[in-house]
Amino acid sequence: MTDAPGATGPRDQVADLLGRLGDERLGGAERARLIVDLARLLVSSARTAGGRATFGGSALVDAVAAYAPHVPVRDLLTLRQHHGGLSGADLAESLVRAASRVTAGIGAAGGAVASAEFAAPPALLLAPVQLAAETLAVVAVEIKLVAELHVVFGQAPLGSRAQVAGAYLLAWTTRRAVDPHADAVSVVLLLGSAARRQLRQRVLRRLGRNVSSLAPFLAGALAAAELNRRSTRELGERLIADLRRAR
């Protein structure tokens with residue numbers, strides 16, 4: 001689960017944008033611009049693949065599964081360097097705080113984009129795609145958090161990129177830590193089982209929260225930011241508690 005080496009086609013460009021949207025240093029205006037770029041690329045990617053540029057539940061679940069293996073995950077040394085030398089529980093808490101700020105920033109940026117769209121009604125036709133882009137960006141940040149919390153507690157699973165991504169996707173879906181001693185679950189197997197329904201429900205729940213960003217003016221930005229922050233923090237706290245019990 002690392003960055004794609006070169007962003008050439010729409011699929012690679014989407015993975016690149018998701019990585020950039022997860023950067024805590026981004027300003028609000030830049031993040032809003034990237035959300036718009038991501039929405040446009042999702043449409044382009046769907047058309048390139050021969051599909052319709054629509055993003056219902058199944059399409060969004062497919063997108064989450066497709067990009068999960070491309071979420072960049074830092075090793076323990078890099079994590080400590082990026083968080084002031086912290087380790088253990090202190091490092092885990094710092095990761096949760098940082099991820100919560102990022103998803104809050106994505107919600108606020110999505111609200112800013114929606115506010116601009118209310119000033120230009122024809123742009124509202126892109127609202128479903130914008131929500132898909134926001135949701136995909138938030139899920140990418142949270143999957144990265146799930147993965148890096150496992151790294152902090154020394155419980156990262158082994159396997160191919162797809163298998164490890166599948167295991168982390170399952171952990172994100174169930175809000176439970178991965179068993180590092182169990183066989184990693186591949187994305188293909190995950191999406192071919194009953195877990196796909198659970199993943200769909202989790203993704204749609206996240207999509208529903210992001211609808212608040214479409215409220216006019218600053219109300220949407222503030223609501224989406226707070227909902228994202230609380231949801232990401234809750235995920236992180238549940239994973240930390242689970243990973244501590246598994247040690």
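In what order do the elements of the protein chain run from the N terminus on? They go α-α-α-α-α-α-α-α-α-α, and the model they come from is a predicted one.

**Figure 1. The whole protein chain, helices and nothing in the way of strands.** Count up the secondary structure and you get 10 helices and 0 strands. Of the 247 residues in the protein chain, 48% are buried. Take the contacts with a separation of 6 or more, and 74% of them link residues 24 or more positions apart. As for the outside, the accessible surface comes to about 11,300 Å², with carbon and sulfur atoms holding 57% of that area.

**Figure 2. Helix α1 and its buried face.** This view takes in residues 10-21, the 12 residues of α1. From first C-alpha to last, α1 reaches 16 Å, close to the 16 Å expected at 1.5 Å a residue. Tucked away on α1 are V14, A15, L17, L18 and L21, its buried residues. Look down the helix axis and these buried residues fall within an arc of 160°, so they line one face of α1. Keep an eye on L18, since that residue turns up again in the lining of the largest cavity.

**Figure 3. The cavity.** The structure holds 1 cavity of 30 Å³ or more, and the space inside the largest cavity is about 40 Å³. Which residues line the largest cavity? The lining is made up of L18, V64, Y67, A68, V71, L136, V139, A140 and I143. Helices α3 (57-67) and α6 (127-152) each put in at least two lining residues. The largest share belongs to α6, with 4 residues.

**Figure 4. Helix α7, end to end.** Here we are at residues 161-174, the 14 residues of α7. At 1.5 Å a residue they should span 20 Å, and the end C-alpha atoms of α7 are indeed 20 Å apart, so the two agree. The buried residues of α7 are V164, A165, G166, A167, Y168, L169, A171, W172 and T173.

**Figure 5. L169, a buried residue of α7.** L169 is found in helix α7. Its relative accessibility is 0%, so L169 counts as buried. For a sense of distance, try A140, one of the residues lining the largest cavity. L169 and A140 are 29 residues apart in sequence, with 9.8 Å between their C-alpha atoms in space.

**Figure 6. T173 and its contacts from further along the sequence.** Buried or exposed, what is T173? With a relative accessible area of 1%, T173 is buried. This residue also has its place in helix α7. Set aside the neighbours within four places in sequence, and T173 is in contact with Q198, L199 and R202.

**Figure 7. R175, just after α7.** What is the sign of phi at R175, the residue that follows α7? It is positive, near 60°. Most residues other than glycine have a negative phi. R175 is a residue other than glycine, yet its phi has that positive value. R175 is found in the loop between α7 and α8 (187-191). Being in a loop doesn't leave R175 out in the open: at 6% relative accessibility, under the 20% cut-off, R175 counts as buried.

Definitions and conventions
Residues numbered from 1 in each chain as written. Predicted model: local features only at pLDDT ≥ 70, side-chain atom pairs only at ≥ 80, totals over all residues. Heavy atoms only, no water. Expected span 1.5 Å × (residues − 1). Buried < 20%, exposed > 50% of the residue type's maximum accessible area, 1.4 Å probe, protein only. Arc of directions from axis to C-beta. Contact = heavy atoms within 4.5 Å. Areas by Shrake-Rupley, 256 points an atom, 1.4 Å probe, with all protein chains shown as cover. 1 Å grid on protein atoms, 1.4 Å probe; cavity = no way out; pocket = protein on both sides within 12 Å on 5 of 7 lines; lining within 4 Å. Points joined across faces, edges and corners; volume = space filled by probe spheres on them.
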